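Let's take a look at how two chains sit together and how charged side chains pair up. Have the structure open while you read.

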2 protein chains.
Amino acid sequence: MATDPAARGLTDDAAVWRDLVLTHDMIVEGVHYLPDDRPQDVAWKLLAVNLSDLAAKGAKPEGVLMGYSMTGDAAWDAAFAEGLQEALSAFNVALLGGDTVRMPMGAPRTLGLTAIGTAPSGGAPERATMQVGDILWVSGMIGDAGLGLALRLGELQLDEALDVHAAYALPVPRLALGQALAGRVTAMMDISDGLLLDAWRMAEASGCGLTLALDNVPLSPTYIRARGDDVAGRLAAATAGDDYELLFSAAESAAPEIFALAAECGVPVARIGRADEGPGMRLFYKNKIVDAPEVLGFLHQ
Amino acid sequence: MATDPAARGLTDDAAVWRDLVLTHDMIVEGVHYLPDDRPQDVAWKLLAVNLSDLAAKGAKPEGVLMGYSMTGDAAWDAAFAEGLQEALSAFNVALLGGDTVRMPMGAPRTLGLTAIGTAPSGGAPERATMQVGDILWVSGMIGDAGLGLALRLGELQLDEALDVHAAYALPVPRLALGQALAGRVTAMMDISDGLLLDAWRMAEASGCGLTLALDNVPLSPTYIRARGDDVAGRLAAATAGDDYELLFSAAESAAPEIFALAAECGVPVARIGRADEGPGMRLFYKNKIVDAPEVLGFLHQ
């Protein structure tokens with residue numbers, strides 16, 4: 001139905017319309033967050049996931065519209081408002097307007113946010129324009145948010161894992177990095193549903209294949225302590241969701257500049273694969289082919 | 001929290017940001033529409049209520065972002081998509097993007113829509129700038145949508161009432177009229193929660209009072225047949241919700257031009273009151289003062 005070119009067939013993270021980038025993400029209690037998550041954290045995450053879509057387009061966030069549903073818990077509403085205010089300040093984004101509705105008794109909170117940003121002057125990167133021969137890159141550490149969720153659910157115990165809890169509860173969209181890279185990449189998207197799933201989507205959309213070295217997927221020390229550094233641990237990291245890191249492709253020759261730009265932004269980046277004629281995605285670990293897992297990522301739907 | 005000037009304190013229908021007008025309205029099953037309303041009509045209404053906010057700003061609609069929640073009823077989803085496509089075509093608006101989420105079992109559908117329009121070249125009217133001495137105007141017929149809802153709920157029976165059913169189910173935002181009037185009015189808003197409540201809000205926001213003649217509230221023949229033309233029938237019309245007509249103020253001297261512009265748009269307009277020093281709102285019927293009803297309108301929340 002979305003036939004307007006701005007929608008890019010709805011396969012992209014966000015719409016590019018005139019000089020603006022627009023995105024709308026919803027989160028539902030019990031589906032996208034746990035009913036006993038801190039309301040302040042829910043507000044942060046709702047803003048962060050939308051800003052991550054803008055980051056993938058190299059956009060500068062300007063303002064948001066909030067769709068808020070009330071369920072009759074004034075303390076929760078107040079804590080959410082406090083968290084939203086903090087998050088808006090942290091990312092220097094204006095609340096422009098929105099709507100508040102009251103849910104029927106017992107219905108889950110359903111929150112929507114529209115974020116508006118200005119596109120980079122050279123145009124916003126797309127996810128469907130990776131070229132055969134390009135290097136595939138990823139920012140930050142992969143799998144920490146999924147590990148944070150597992151800890152949150154009590155599926156395992158780990159001392160001093162505050163970093164992965166924050167990766168789950170308070171993700172930081174890679175806005176500066178996205179803006180810095182916008183003119184240098186051939187394609188870019190954010191990872192929300194798992195590195196392998198989103199990498200596969202980028203390759204599919206671009207009409208090429210992908211070779212990915214699991215060895216090179218960047219893991220945090222906390223992650224390695226919890227899940228190990230073997231193929232199973234690496235596959236678990238690469239199929240966990242909620243990372244909100246940037247996945248991007250660029251010509252081999254752009255590598256020095258990409259490392260320099262990322263260093264300026266203070267964000268680690270890693271080369272994890274290469275686009276090829278395809279079709280499909282081939283995974284390697286220590287130079288041996290690895291069967292792709294049946295489930296490439298985490299779908300909230 | 002919304003301290004950005006674009007938000008106008010969230011008291012306005014929509015945010016004006018740069019040369020754009022932005023609005024986000026949500027509708028919840030069982031709160032804003034009946035669970036057995038036609039899904040095509042729900043889609044129409046969701047778009048129409050947002051476009052009505054743009055109409056009140058004299059804006060030209062450009063595109064929308066859709067926040068859609070699925071509850072596992074594929075036939076409903078398909079019918080909604082069909083209705084949305086029809087409505088988008090009818091108003092010549094592009095679907096730019098959005099998000100789809102799956103609701104937990106049994107949860108009500110919660111739908112959000114963000115509409116983006118371009119502001120009129122002379123700037124978007126506000127609701128808080130009515131001036132003492134201005135005439136208060138309203139477009140269309142008042143109370144038909146509320147009557148349509150009453151018929152829909154079986155609260156009364158009426159033959160040949162298709163016009164009021166359409167007023168309830170398929171409201172038509174006054175886009176052309178809003179654009180035509182934008183430079184001529186001193187203040188403008190759309191009526192969504194009842195004429196009296198929204199008129200009172202406009203006066204309050206403008207820091208003035210209001211005298212309103214119930215005699216002049218425009219009623220349709222169908223409405224008069226169902227509810228009568230007396231003070232009770234007129235108060236019922238003026239406190240029913242969902243009209244989505246335009247309420248606007250203008251200097252006395254602008255009246256001939258306003259009648260001419262409205263005629264060009266094919267929309268009837270009526271003079272229903274006058275702004276005064278206030279405070280508060282005084283209602284008249286046949287030149288006698290009428291006590292204001294305790295409930296001025298219909299709040300969906």
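## Salt bridges within and between chains

At 57% relative accessibility, Asp36(A) is exposed (over 50% relative accessible area; buried is under 20%, partly exposed in between, with a 1.4 Å probe and protein chains only). Its partner Arg152(A) is partly exposed, at 24%. The two form a salt bridge, meaning a side-chain nitrogen of Lys or Arg within 4 Å of a carboxyl oxygen of Asp or Glu.

This is a predicted model: local features need pLDDT of at least 70 and side-chain atom pairs pLDDT 80 or more, while totals for chains, interfaces and linings use all residues. Residues are numbered from 1 along each chain as its sequence is written, chains are lettered from A and ligands numbered from 1 in the order written, and side-chain values use heavy atoms, without hydrogens and water.

Here are some of the pairs:

| Pair | Closest N to O |
|---|---|
| Arg152(A) and Asp36(A) | 2.7 Å |
| Arg109(A) and Asp73(A) | 3.9 Å |
| Arg174(B) and Glu245(B) | 2.8 Å |
| Arg18(A) and Glu62(B) | 3.3 Å |

In the second pair, Arg109(A) is buried at 5%, whereas Asp73(A) is partly exposed at 31%. Over in chain B, Arg174(B) and Glu245(B) are both buried.

Now for the interface. 47 residues of chain B are in contact (heavy atoms within 4.5 Å) with 47 residues of chain A. How many salt bridges are there between chain B and chain A? The count is 2, and Arg18(A), Lys60(B) and Glu62(B) are linked in a network of them.
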